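Biologist: I am new to this structure and would be grateful for a close look at a single part of it. Please take one sheet and one residue within it, and describe them in a connected way.

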Amino acid sequence: MKRILPAMTALTLALGGYASAFAQTTAHATAWNGVPFAGPTAPESPSTLPDTPVERWRQIPYSTTQDAGYQISLASREAARLFYRTVFASSNNVASGWSGDLSTCTAGDTHSDYKAATLRRINWFRAMAGVPASIGLDSTYNRKAQQTALMMSAQGALSHYPDSAWACYTAEGAEGARNSNLSLGQAGADSVANGYIRDQGSNNAPVGHRRWLLYPQTKIMGVGDVTPSAANTLSANAVWVFDGNSGATRPTVRDDFVAWPPAGFVPYTTVYPRWSLAYPGADFSGASVSMTENGRALATRLETLQNGYGEPTLVWLPGTYTDGSSWSRPSADTVYQVTVSNVRVGGQTRSFSYSVTVFDPDVPGTDTPNLQPTGATTLVAGQTGSYQFTGSNAATEFQWRAITLAPYALDEGAEGSTTAFVANTSTGYSPIATDISASGGRSFHLAHTTGTDQTLQLQSAFVPSGSATLSFASRLGLSSANQVALVEVSTDEGSNWQEIYRQAGQQSGTTSNFGESSFNSKSVSLAAFADQSVLLRLRYAYVGGSFYPQSSRGIGWYIDDIRLSGVEAIASASTPAPAASTSGFNFTASGGSQVLLQVRPGMYGYYDGWSKALRVAVAGTVSSTDCLFNWAERMVTDLLWPSASTQTTGRPPFSAYRYYTGTQSYLGVSALDQHVYFQQGTQSLDLGLESFWVGEAGCR
């Protein structure tokens with residue numbers, strides 16, 4: 001009974017819950033270099049270890065069971081691609097929920113999901129680097145790191161040794177500063193990738209922040225974040241990295257050495273100009289690096305050696321890449337062969353050779369399976385069909401769902417009191433312009449008053465046809481080459497975004513040239529996403545370097561007359577259900593003219609995008625009992641699975657029932673009292689009158 005009651009309580013709750021510019025003066029607009037940064041240097045190894053016992057990590061609970069313990073083989077492109085598009089992407093765009101206040105020096109706290117996202121990002125990089133990816137968060141470290149982040153944001157500067165004259169100074173915050181990686185201008189998971197692992201800036205040539213995050217012996221950390229929304233304030237992050245394990249026995253690491261980027265397949269978005277290789281006790285003073293790119297020799301430039309951060313590490317820049325630049329999106333998978341020679345270890349000379357394949361995670365590989373379901377394309381209402389898909393060894397789980405569509409067309413010019421788009425923009429200006437437009441009296445306007453991306457996201461998800469097209473009027477005014485107008489689509493509900501249109505600004509420095517002075521018509525095909533469910537957004541991206549921080553007339557990106565044709569809206573979507581196997585599922589038609597079936601792969605409880613859909617025509621109508629059963633399966637997918645066919649004989653007193661092999665249970669309607677019952681083993685639970693639940697499920 002212990003197994004049944006909590007599950008049926010969840011079912012009952014689910015069932016019941018379901019019912020319910022041109023400048024105005026002669027002054028020129030000027031660019032500002034507002035690059036978020038980590039550092040200016042990483043914390044050096046403490047002379048005195050923190051007072052936390054080394055074994056304390058054993059008692060630390062993780063935020064969720066899915067935030068640690070990752071293992072990944074980078075010999076598989078699909079495994080690396082899926083790991084990035086699920087676990088890494090799940091840390092994007094998580095709301096911080098910061099409860100503090102800079103004006104009163106209140107450190108506050110962030111939401112547990114935000115901390116979990118930061119932890120997940122740290123463990124993702126550790127798993128990719130082949131070191132133990134089971135970091136946990138300690139509440140004491142979190143509290144002190146939170147005080148540290150407050151001080152850094154309030155002061156608008158970074159230091160590992162702040163004194164009592166610092167804004168919002170506390171002793172705990174100062175202690176955290178000595179023991180933490182520090183970042184200003186970014187927070188949370190963003191600071192992990194774009195701050196600490198990137199480690200840009202002349203003072204960060206030894207990549208000390210990276211070395212501490214990837215230090216194999218570390219077992220516990222702490223995180224603190226401040227994300228103020230007021231103008232002229234900066235977000236800040238602190239990651240406490242010293243847990244008393246410095247110098248402890250080194251655990252087994254996948255590649256023996258610790259490199260970034262690591263050996264194997266690596267998404268280009270996480271490859272940075274500074275490459276590094278670390279090894280315990282190594283003397284790199286006479287070492288050299290040679291590289292090839294797709295077999296052709298590639299020049300390298302060594303950074304100055306510096307110890308004191310984690311393990312001894314050699315750092316270099318390949319090719320023409322310079323500190324602060326971003327890795328180029330490869331047109332095809334690019335193989336880099338690396339050899340680090342003349343390394344002294346234990347009195348012996350060693351060399352390390354490995355291969356890194358940089359790839360675009362938005363581009364499927366030859367080992368990426370086609371998950372589009374196959375099976376019957378016509379069903380009668382109430383009929384169950386069996387559907388198959390090509391699984392993948394990289395995925396640890398799969399889900400499927402059914403969606404229905406409705407006619408949809410978009411013609412948006414920002415003229416009404418509400419729009420079809422949700423704006424995520426900085427304060428200090430309106431995303432609706434009333435002084436510049438392509439037609440009518442209004443347009444959308446995106447500008448970088450701060451160094452953060454500005455977005456307009458279409459509220460409705462939709463499914464393109466083979467002839468689907470997006471068109472819009474665009475005017476990119478005063479903007480530097482680091483300010484980029486993008487149109488992007490997402491096939492995984494916003495976790496990952498794929499670029500389908502790009503235009504970069506051209507100006508730099510003080511200028512009298514204000515960019516485009518009129519609108520230009522743009523047209524973008526969406527045919528590549530036919531029969532996939534997608535989201536759409538326009539993003540005015542800041543990619544680092546100088547930019548124009550004004551929002552006055554003629555500065556930034558103006559968009560008007562946005563139209564979508566050849567698309568349908570998603571009218572309804574069933575709750576994602578686990579596939580009955582790694583290659584198939586059963587679907588029971590509930591009536592209606594057409595449904596679309598989709599599958600998606602997952603890793604560690606996080607999921608990639610939905611596959612191209614299979615369209616299934618459904619004839620006839622379904623009985624209220626079958627409709628109720630179908631609905632219940634969607635509501636309680638962990639208990640009523642796999643989807644089953646309705647039986648009417650063989651199990652009195654049920655007049656109709658379904659048997660679920662996954663949980664060896666029954667859901668049925670009794671002919672004696674017309675109540676719905678759930679049975680598992682020898683236990684039976686009365687859920688109440690069928691007529692009540694039929695009404696709640698909308699099945700009359």
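Modeller: What follows describes a sheet, a pair of its strands and a residue in one of them. Please keep in mind that the model is predicted.

The sheet is open and consists of 5 strands, arranged in the order β20-β23-β28-β25-β26 with antiparallel pairing. At its edges stand β20 (421–424) and β26 (498–504); each has a single partner strand, so one side of each is left without a neighbour in the sheet. From one strand to the next, the twist averages 15°.

Within this sheet, β28 is listed between β23 and β25. The pairing of β28 (residues 535–542) with β25 (residues 483–490) is antiparallel and extends over 8 bridges. One of the residues involved is V487, whose bridge partner in β28 is L538.

Strand β28 also contains L536, the residue I have chosen for the closer view. Is L536 buried or exposed? The threshold for a buried residue is a relative accessible area under 20%. L536 has a relative accessible area of 1%, and it is therefore buried.

The surroundings of L536 can be named individually. Leaving aside residues up to four places away in sequence, L536 touches L456, Q457, L458, F462, L470, V487, E488, V489, W497 and L564. V487, the bridge partner of L538, is thus named again among the contacts of L536. For a view across the model, one may take Y309, which is 227 residues from L536 along the chain; the C-alpha atoms of these two residues are separated by 43 Å.

Technical notes. Residues numbered from 1 in each chain as written. Predicted model: local features only at pLDDT ≥ 70, side-chain atom pairs only at ≥ 80, totals over all residues. Heavy atoms only, no water. Pairing = 2+ DSSP bridges. Helix = DSSP H or I, 4+ residues; strand = E, 2+ residues; numbered from the N terminus. Axes fitted to C-alpha atoms, helices over the stretch in contact; angles between N-to-C directions. Buried < 20%, exposed > 50% of the residue type's maximum accessible area, 1.4 Å probe, protein only. Contact = heavy atoms within 4.5 Å.
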